[in-house]
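Subject: Model handed over, with notes

Dear colleague,

Please find below the structure that I promised to pass on. My notes follow it, and I would be glad if you read them with the coordinates open.

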Amino acid sequence: MPRPTGRVLTLLELLQSGGTRTVAELAGRLGVEGRTVRRYVDQLIDLGVPVESVRGRYGGYRLAPGYRLPPLMLNDDEALAVLLGLVAGRRAGLTTAERTANETASAKIRRVLPRHIARRLDTLLEALAFTDQPGEFDTPDAGVLLTVADAVRHRRPVSIRYTDRDGRRSERTLHAYGIVAHAGRWYVTGEDAGIGEDRTFRLDRIADARALPGSFEAPAGPAPAQRVLSGFATAGYRHEVTLRIQGTPEQIRARLPAGVASLQEHEPPAGEDRADGRWLRVELRVERLDWLPPLLAALDRPFVIERPEELRDLVIALADRLTSSAHRA
């Protein structure tokens with residue numbers, strides 16, 4: 001059972017989360033009676049914590065506005081969650097500014113932790129192994145990220161200076177719908193007001209972001225994450241590939257995720273037998289074709305190549321090599 005001192009600190013944490021908390025709510029969270037909550041509040045006031053009493057039907061307790069919070073207090077589970085989040089974020093590339101910011105944040109948290117908790121966490125991190133190697137990613141500027149996030153929340157236009165993958169620089173006015181983290185990178189999706197079309201931009205390629213006057217209405221339709229994945233699947237590349245694959249969307253998505261390919265139902269022509277199972281049309285755009293034959297083999301589903309002919313030749317060549325190897329003594 002928690003000691004009274006532990007409950008007092010828990011009460012402080014609840015009040016720090018913001019808003020007015022009723023006595024009944026606090027009593028339920030702490031597992032005590034209402035009069036005990038009042039006694040704990042008195043103890044916080046004696047410690048110099050400015051707890052205000054709010055009268056009325058929806059009254060209760062809250063911290064005074066502008067109160068400067070005491071040093072960071074984390075229990076074992078909270079400290080573990082924060083440090084593992086920093087480690088995972090660094091490995092996934094979802095950090096901002098310099099990598100040193102992630103490392104110094106971890107060091108600061110460790111310094112304020114009780115010694116026994118710090119030792120246990122260090123033991124876990126030393127024993128922890130990952131099956132993948134940490135990637136090297138270009139990280140966005142924290143100021144740009146926060147400015148764009150504010151524009152998303154308040155539906156305000158934002159001016160950005162952008163450098164595309166070919167090194168071309170431009171200044172654009174963006175109606176940002178949302179920020180998406182995908183495959184170790186940060187993206188913002190929205191309408192490029194200059195051309196009136198939806199676009200997706202990598203945040204690490206934005207050199208400057210500045211909020212503009214005015215507002216806009218976000219359109220109905222797919223969520224920002226789906227817009228980003230659809231944009232990847234339909235982006236302009238060297239080869240346009242169209243396949244028909246027999247199987248369920250789940251079977252196909254296991255090898256061709258939404259960021260790579262788009263799926264749609266295939267309606268067989270009149271007279272074609274519909275009893276041989278469900279077929280889906282798969283479309284994707286790629287720079288190279290050589291990785292597709294092994295993927296189709298691993299998918300292990302019946303398929304038809306509609307285009308390009310070059311892909312058909314590569315599949316036949318792979319089949320010949322596999323047959324030759326299978327017959328080799």
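Strand 8 (239-246) has six of its eight residues buried, and is therefore largely enclosed by the rest of the structure; buried here means under 20% relative accessible area, with exposed over 50% and partly exposed in between, for a 1.4 Å probe and protein chains only. Helices (H or I, at least four residues) and strands (E, at least two) are DSSP runs, numbered from the N terminus. Please bear in mind that this is a predicted model, in which local features need pLDDT of at least 70 and side-chain atom pairs count only at pLDDT 80 or more, whereas totals for chains, interfaces and linings use all residues. Residues are numbered from 1 along each chain as its sequence is written, and side-chain values use heavy atoms, with hydrogens and water left out.

Strand 8 belongs to an open sheet of four strands in the order 9-10-8-11, with antiparallel pairing, where two strands pair if DSSP finds at least two bridges between them. Strand 9 (261-265) and strand 11 (303-307) are at the edges, each with a single partner strand, so one side of each has no neighbour in the sheet. Neighbouring strands of this sheet are turned by 25° against each other on average, direction ignored.

On one side, strand 8 is joined to strand 10 by eight antiparallel bridges, and glutamate 240 stands opposite arginine 285 of strand 10. Strand 8 also pairs with strand 11 in the antiparallel sense, over four bridges, and the bridge partner of threonine 242 in strand 11 is arginine 307. Strand 10 (residues 279-286) is in turn paired with strand 9 over five antiparallel bridges, with leucine 263 opposite valine 282 in strand 10.

Two helices lie against this sheet. Helix 10 packs on it, touching strand 8, strand 10 and strand 11, and its direction makes about 15° with that of strand 8; contact means heavy atoms within 4.5 Å, while axes are lines fitted to C-alpha atoms, for helices over the stretch in contact, and angles run from 0 to 180 degrees between N-to-C directions. Helix 11 lies across strand 8 and strand 11, running at about 140° to strand 11.

The two helices also meet each other: helix 10 (residues 292-299) and helix 11 (residues 309-327) pack at an angle of about 65°, with their axes 9 Å apart. Leu292, Pro293, Pro294 and Leu296 of helix 10 meet Leu311, Leu314, Val315 and Leu318 of helix 11. The residues of this contact divide into eight nonpolar, no polar and no charged, where Ala, Val, Leu, Ile, Met, Phe, Trp, Tyr, Cys and Pro count as nonpolar, Asp, Glu, Lys and Arg as charged, and the others, Gly among them, as polar.

Another open sheet is formed by five strands in the order 6-5-4-3-7, again with antiparallel pairing. Its edge strands are strand 6 (197-202) and strand 7 (206-211), each of which pairs on one side only, and the twist averages 45° from one strand to the next. Strand 5 (residues 185-192) is joined to strand 6 by six antiparallel bridges, and glutamate 191 has aspartate 198 in strand 6 as its bridge partner.

For the chain as a whole, the secondary structure comes to 11 helices and 11 strands, and 32% of the 329 residues count as buried. Among contacts between residues at least 6 apart in sequence, 61% join residues at least 24 apart.

With best wishes
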